[in-house]
Amino acid sequence: MSVLKSTSYDNGFGIFNKIYDREVDIVNHNHLRLFMLNTENKLFNYDELYEYILPNISKYVFSRRKNIEAENNPQKASTIILEALSHLRKTTSDKDKGAGGELGEILLYLFLEQDLNAPKLFSKVELKTSAQDYIKGSDGIHFKFRTAATGERILQLVIGEAKIQNKLGDGISSAFDSVDAYLKNNTQDRNLLDTHLMEQIVDEKEAALLKEYILSIPRKKKETIFGIFIGYSINYTGEKDTNDEYDKKVIEENIKQVLEYQQNIIDEINSRRLSNYEFNFYFLPFHNAMRDRKVIMNSLTDGKPRLVWGDIKNGW
């Protein structure tokens, strides 16, 4: 069966080390997946993160069709990343609470494609540039298939939500608030699937396959699941550790920090009556999440080939 392939580059995804993966069965299968960047002198290697994100920006921002057109046109291939960067929102003020927030959406896209094996249908920034009436909705729409006990293949539309906040608990609560908002008012995403889906598809067989699940009447069976990215500030500093001690302890302490919220996640799913949905959580720590996301996104929107910290100390 022909299916759409992932759009992002897999070469380089190894910068994210999966340090923990737990399945939490409430009714449906739910996963907590914890990743961590490599460390260098007790600092997360944001340079590697930046160098992996940068070539993937055009893949994140634009449709498959536009990226393929660029690959076949040397002139477009040389400018498409710059064009993609121009669609990212610049940080104009330190008072901007959303400063650098698009970093979470980019990381969500990469984790859903590379780890969950759920190719992109639309990213949030792509929807903004291709549909003028798109203001609110999910942070991305991906898809994958699962096979039921009967052998039937079921299409899973993966609705993405991304949050980067200093406090882990705040990020989790905010993500569930966004899920609630999506379920109460997801008409825009449904309409966009109807009106813009075929713009994404290049291969006719792939287009026909997705139409059977999304556009045709009657449709083949599909369901909605959620992919959640949470970026947060790690509590552990390990300033008195040697570099080797830190590499070991920061993993242990980070797993502990996330698992302290496992019951909170279960309670959120149950209290909000969301147990009929599957959740895939992706956690990634930063030293200072709100600061670091702003620095990374400022370097991207300025078109820098390397991450630039400026006057901000790279560290705790």
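Begin by selecting Val24, Ile26, Asn30, His31, Leu32, Gln262, Ile265, Ile266, Ile269, Phe279 and Phe281, the residues that line the largest cavity of this predicted model. Colour the selection by element, and β2 (29-37), α10 (262-271) and β9 (279-286) stand out as those that give two or more residues to the lining. Among the contributors, α10 gives the most, with four residues. If you then recolour by residue class, the lining divides into eight nonpolar residues, three polar ones and no charged ones. The volume enclosed here is about 50 Å³, and the count of cavities of 30 Å³ or more comes to four.

Next, move from the cavity to the sheet, where seven strands lie in the order β1-β2-β9-β8-β7-β6-β5, forming an open sheet with mixed pairing. At its edges stand β1 (16-25) and β5 (120-123), each of which has a single partner strand, so that one side of each is left without a neighbour in the sheet. Neighbouring strands of this sheet are turned by 20 degrees against each other on average, with direction ignored.

Stay at the β1 edge and show the backbone of β1 and β2, which pair in the antiparallel sense over nine bridges; within this pair, select Phe16 and find Leu37 of β2 standing opposite.

Finally, select helix α4 (residues 102-114), whose 13 residues should span 18 Å at 1.5 Å a residue, and place a distance label between its end C-alpha atoms, which are 18 Å apart, in agreement with that expectation. With the surroundings switched back on, α4 proves to be largely enclosed by the rest of the structure, because 13 of its 13 residues are buried.

Notes
Residues are numbered from 1 along each chain as its sequence is written. This is a predicted model: local features need pLDDT of at least 70, side-chain atom pairs count only at pLDDT 80 or more; totals for chains, interfaces and linings use all residues. Side-chain values use heavy atoms; hydrogens and water are left out. On a 1 Å grid over the protein atoms alone, a cavity is a set of points where a 1.4 Å probe fits but cannot get out, and a pocket is an open set with protein on both sides within 12 Å along at least five of seven lines; lining residues have an atom within 4 Å of a point. Grid points are joined across faces, edges and corners, and a volume is the space filled by probe spheres set on the points. Ala, Val, Leu, Ile, Met, Phe, Trp, Tyr, Cys and Pro count as nonpolar, Asp, Glu, Lys and Arg as charged, and the others, Gly among them, as polar. The expected span of a helix is 1.5 Å times one less than its number of residues. Buried means under 20% relative accessible area, exposed over 50%, partly exposed in between (1.4 Å probe, protein chains only). Two strands pair if DSSP finds at least two bridges between them. Axes are lines fitted to C-alpha atoms, for helices over the stretch in contact, and angles run from 0 to 180 degrees between N-to-C directions.
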